[in-house]
Amino acid sequence: MYTSRSPIIRSLLDLDYYKLTMAQIAWKYFREIPVTYAFKNRTIGVRLAERIPLNELMAEVDYARNLKFTKEEISYLRESKYIKAGFFSEDFLSFLENLRLPAPRIIIGDGNYQIKVKGSWPETILWETLILSIMNELYYRHLIGDHAAMNDALQEGLSRLNAKIAAIKNHSSLPLLITDFGTRRRFSQEWQEEVVKKMANELPNQFLGTSNVWLAKKYDLRPIGTFAHEMYMVFSGIYHGNDEEIKSSHNNVLQLWWQEYGESLSTALTD
């Protein structure tokens with residue numbers, strides 16, 4: 001079952017849909033706003049730099065950085081039956097087609113990695129889930145070890161997945177609808193694809209789609225997502241000042257989002 005080790009990111013669509021919906025807001029209204037994204041491992045007991053070789057991490061990050069959106073991928077964002085015509089503006093699609101991701105800076109300290117990316121908000125925003133996917137997969141590769149052990153792990157995962165699918169089928173009368181949001185914490189790209197493909201094939205009336213745009217494109221599924229907490233975080237920085245101004249930045253997010261996307265994409269995060 002386990003077939004390949006690298007590269008992890010093979011398309012800039014291999015990210016969560018909300019990165020693109022937020023990127024359009026960032027590009028349209030805040031394209032000159034400087035931001036810094038930083039990966040920091042919050043699990044102190046896991047020392048990533050002692051498990052993941054620096055040369056492998058750098059190779060994966062460099063490979064992803066040198067990817068560009070293909071004309072086929074841009075056409076998908078323009079023409080997919082699941083994406084409303086004109087949802088992504090032609091100017092924004094042109095920006096994506098010409099985008100080159102800024103170079104991250106990798107720092108090692110106390111046995112862990114910190115990865116920082118600086119630049120304008122629309123240029124840097126896509127890095128978040130790409131870096132998380134890279135770091136997770138490299139960690140699990142080295143945690144589990146050789147190909148045989150990896151295949152054993154994937155077979156165990158498949159057994160558990162089959163059991164869950166069977167349980168869902170046995171309760172098909174319930175209004176149980178499922179969406180995949182696994183990209184940012186996935187075991188591997190290959191495993192996420194296996195889960196999405198299997199759920200789509202075996203639960204066609206209950207599996208709504210996936211947040212992963214590349215997999216949505218590949219398997220003719222609906223890409224799903226709205227926006228993330230970073231909207232509130234960035235807006236609180238843009239509209240910084242006294243407490244009232246920072247508090248009002250929360251409403252600024254919701255009002256601008258509604259103005260741009262309306263009801264169809266306005267399921268808001270409450271936390």
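Two strands are said to pair if DSSP finds at least two bridges between them. The exercises below apply this rule and others to a predicted model.

**Exercise 1. Determine how S5 and S6 pair, and place them in their sheet.**

Solution.
Step 1. Strand S5 (residues 207-210) and S6 are joined over two bridges, in the parallel sense. At least two bridges are required, so the two strands count as a pair.
Step 2. One position illustrates the pairing: Gly209 stands opposite Arg222 in S6.
Step 3. The sheet that holds these strands is open, has three strands in the order S4-S5-S6, and is paired in parallel.
Step 4. Its edges are strand S4 (178-180) and strand S6 (222-223), each of which pairs on one side only.

**Exercise 2. Describe the sheet with the order S1-S3-S2.**

Solution.
Step 1. Strands of a sheet pair through backbone hydrogen bonds, either parallel or antiparallel. Here the three strands form an open sheet with antiparallel pairing.
Step 2. S1 and strand S2 (105-109) are the edge strands, each pairing on one side only.
Step 3. From one strand to the next, the twist averages 20°.
Step 4. Seven bridges join S1 to strand S3 (residues 112-120) in the antiparallel sense; Thr36, for instance, has Lys118 in S3 as its bridge partner.
Step 5. Helix H2 (residues 54-65) packs on this sheet and touches S2 and S3. The direction of H2 makes about 160° with that of S2.

**Exercise 3. Examine the hairpin of S2 and S3.**

Solution.
Step 1. S2 and S3 pair over five bridges in the antiparallel sense.
Step 2. Within this pairing, Ile107 stands opposite Gln114 in S3.
Step 3. Two residues lie between the strands of the hairpin, and Asp110 takes a positive phi near 55°.

**Exercise 4. Classify the packing of H6 and H7, and list the residues that meet.**

Solution.
Step 1. Two packed helices are described by the angle between their axes and the distance between the axes.
Step 2. For H6 and helix H7 (residues 147-169), the angle is about 110° and the axes are 8 Å apart.
Step 3. Angles of 65 to 115 degrees count as roughly perpendicular, and H6 is therefore roughly perpendicular to H7.
Step 4. On the H6 side the contact is made by Tyr140, Arg141 and Ile144, which meet Ala149, Met150 and Ala153 in H7.
Step 5. Sorted by class, this contact of H6 with H7 has five nonpolar residues, no polar ones and one charged residue.

**Exercise 5. Characterise the largest pocket by its space and its lining.**

Solution.
Step 1. The largest pocket holds about 1,300 Å³ of space.
Step 2. It is lined by 34 residues, of which Arg42, Glu128, Leu132, Arg184 and Arg185 are the closest to its centre.
Step 3. The elements that give two or more residues to this lining are strand S1 (34-40), helix H6 (127-144) and helix H10 (230-238).
Step 4. H6 gives the most, with eight residues.
Step 5. By class, the lining of the largest pocket consists of 20 nonpolar, eight polar and six charged residues.
Step 6. Two elements from the earlier exercises thus return here: S1 and H6 both contribute to the lining of the largest pocket.

Key: Residues numbered from 1 in each chain as written. Predicted model: local features only at pLDDT ≥ 70, side-chain atom pairs only at ≥ 80, totals over all residues. Heavy atoms only, no water. 1 Å grid on protein atoms, 1.4 Å probe; cavity = no way out; pocket = protein on both sides within 12 Å on 5 of 7 lines; lining within 4 Å. Points joined across faces, edges and corners; volume = space filled by probe spheres on them. Helix = DSSP H or I, 4+ residues; strand = E, 2+ residues; numbered from the N terminus. Nonpolar A, V, L, I, M, F, W, Y, C, P; charged D, E, K, R; others polar. Axes fitted to C-alpha atoms, helices over the stretch in contact; angles between N-to-C directions. Contact = heavy atoms within 4.5 Å. Parallel < 35°, antiparallel > 145°, perpendicular 65-115°, else oblique.
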